[in-house]
Amino acid sequence: MLRSCDSQEVREGAFAVVAAGAIVWRINQGELEVLMIHRDRYNDWSWPKGKLDEGETMPECAAREVFEEVGLDIELGIPLPAMTYQVASGTKVVYYWAAKTPGTKPVPDGRETDAVRWCAPKMAGKWLTNPGDMAPLEALVHAHKAGKLETQPFLVVRHAKAKPRSNWTREEGKRPLAATGQRQALAVARLLDAWRPERVASSPWTRCVQTITPYVKQHRFTVKLLNSTTEHEANRHPRKARKAVAKLLDKCRSQVLCTHRPVLPLILEELTSRMGESLAAFLPAEDPFLRPGSLLVVHQPVGGKGKLVSVEVYDAFED
């Protein structure tokens, strides 16, 4: 996992305990508010968070913990800086995301969480029990002031592991996923659900369509097939492929594109042109860019104005 918001210490660190959570926010009468939780067990005020379940990714954990602790079915927004602190077993890290409230009422679960409250960030800073919880809050407030808090996710998925070319004698566009790739496709669906992109685009080749199908079926979405993003067409007409990606980005909506490794450099070129140099440094720079079944997430400010504001990369599920 790579997130542009995390410090080098976090990106390169090894941790005894790994957890994830989110700061849920809303605009109330024109003012920013954040959701705090109280845990009776620790008698503290903090953000919804919890430890990873086995086989779970950090984004999945963050969304699940918020739902379990306060009953909100969130979609992740921009990543917020992770915090680290010492526990009995060693160093613990908690990865955070911003998440706009889905509009439903938060309800404490009565086990981990016994109370919730909406409050202004300044008041939240006074109520927080752990000083380390300030870093993600400060990043959220900074993003809000800069117009970079309310965003839309744009996700790029490299298709899952396909059957070997050497063992396939039929049309290349019909080469399907291997058994491992089919399991990766299920993992891709679970991971995508943390952002829940509402629009789905894909190369029409079988291995791409099969990769995105579990997610599409889960939400009953339709798939927009982009012939220009197949390996063959992108090699023949790279400008056309990049233009197709640019057109998706120009619409500035919650969406995912599933495509092939040879197309990734064209996508990365387009993304680079839409972000600052320091942020572009977090984009994959070497072939194969993404492993089969891996994904890249960037966020666009709502309205399409301004540059991309974050980069995240999540590696593939492995058996």
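An open sheet of seven strands, with mixed pairing, follows the order β1-β14-β13-β9-β12-β10-β11 in this structure. The strands at its edges, β1 (2-3) and β11 (223-225), each pair on one side only. The model is a predicted one. A further set of pairings centres on strand β2, which spans residues 17-28.

**The seven-stranded sheet**
- Next to the edge strand β11 in the strand order stands β10, which covers residues 199-202.
- The pairing of β10 with β11 is parallel and comprises three bridges.
- Within this pairing, Ser202 has Leu225 of β11 as its bridge partner.

**The helix across the sheet**
- Helix α5, formed by residues 179-192, lies across four strands: β9 (151-158), β12 (255-259), β13 (295-301) and β14 (311-314).
- The helix runs at about 170° to β9.

**The partners of strand β2**
- Strand β2 runs parallel to β7 (residues 90-100), and nine bridges join the two.
- Ala22 is bridged to Trp97 in β7.
- With β5 (residues 49-51), β2 forms an antiparallel pairing of three bridges.
- Opposite Ala20 in this pairing stands Gly50 of β5.
- With β3 (residues 31-39), β2 is also paired in the antiparallel sense, over four bridges.

**The hairpin of β2 and β3**
- Two residues lie between the strands of this hairpin.
- Gln29 adopts a positive phi near 55° in the hairpin.
- Asn28 has Glu31 of β3 as its bridge partner.

Definitions and conventions: Residues numbered from 1 in each chain as written. Predicted model: local features only at pLDDT ≥ 70, side-chain atom pairs only at ≥ 80, totals over all residues. Heavy atoms only, no water. Pairing = 2+ DSSP bridges. Contact = heavy atoms within 4.5 Å. Axes fitted to C-alpha atoms, helices over the stretch in contact; angles between N-to-C directions.
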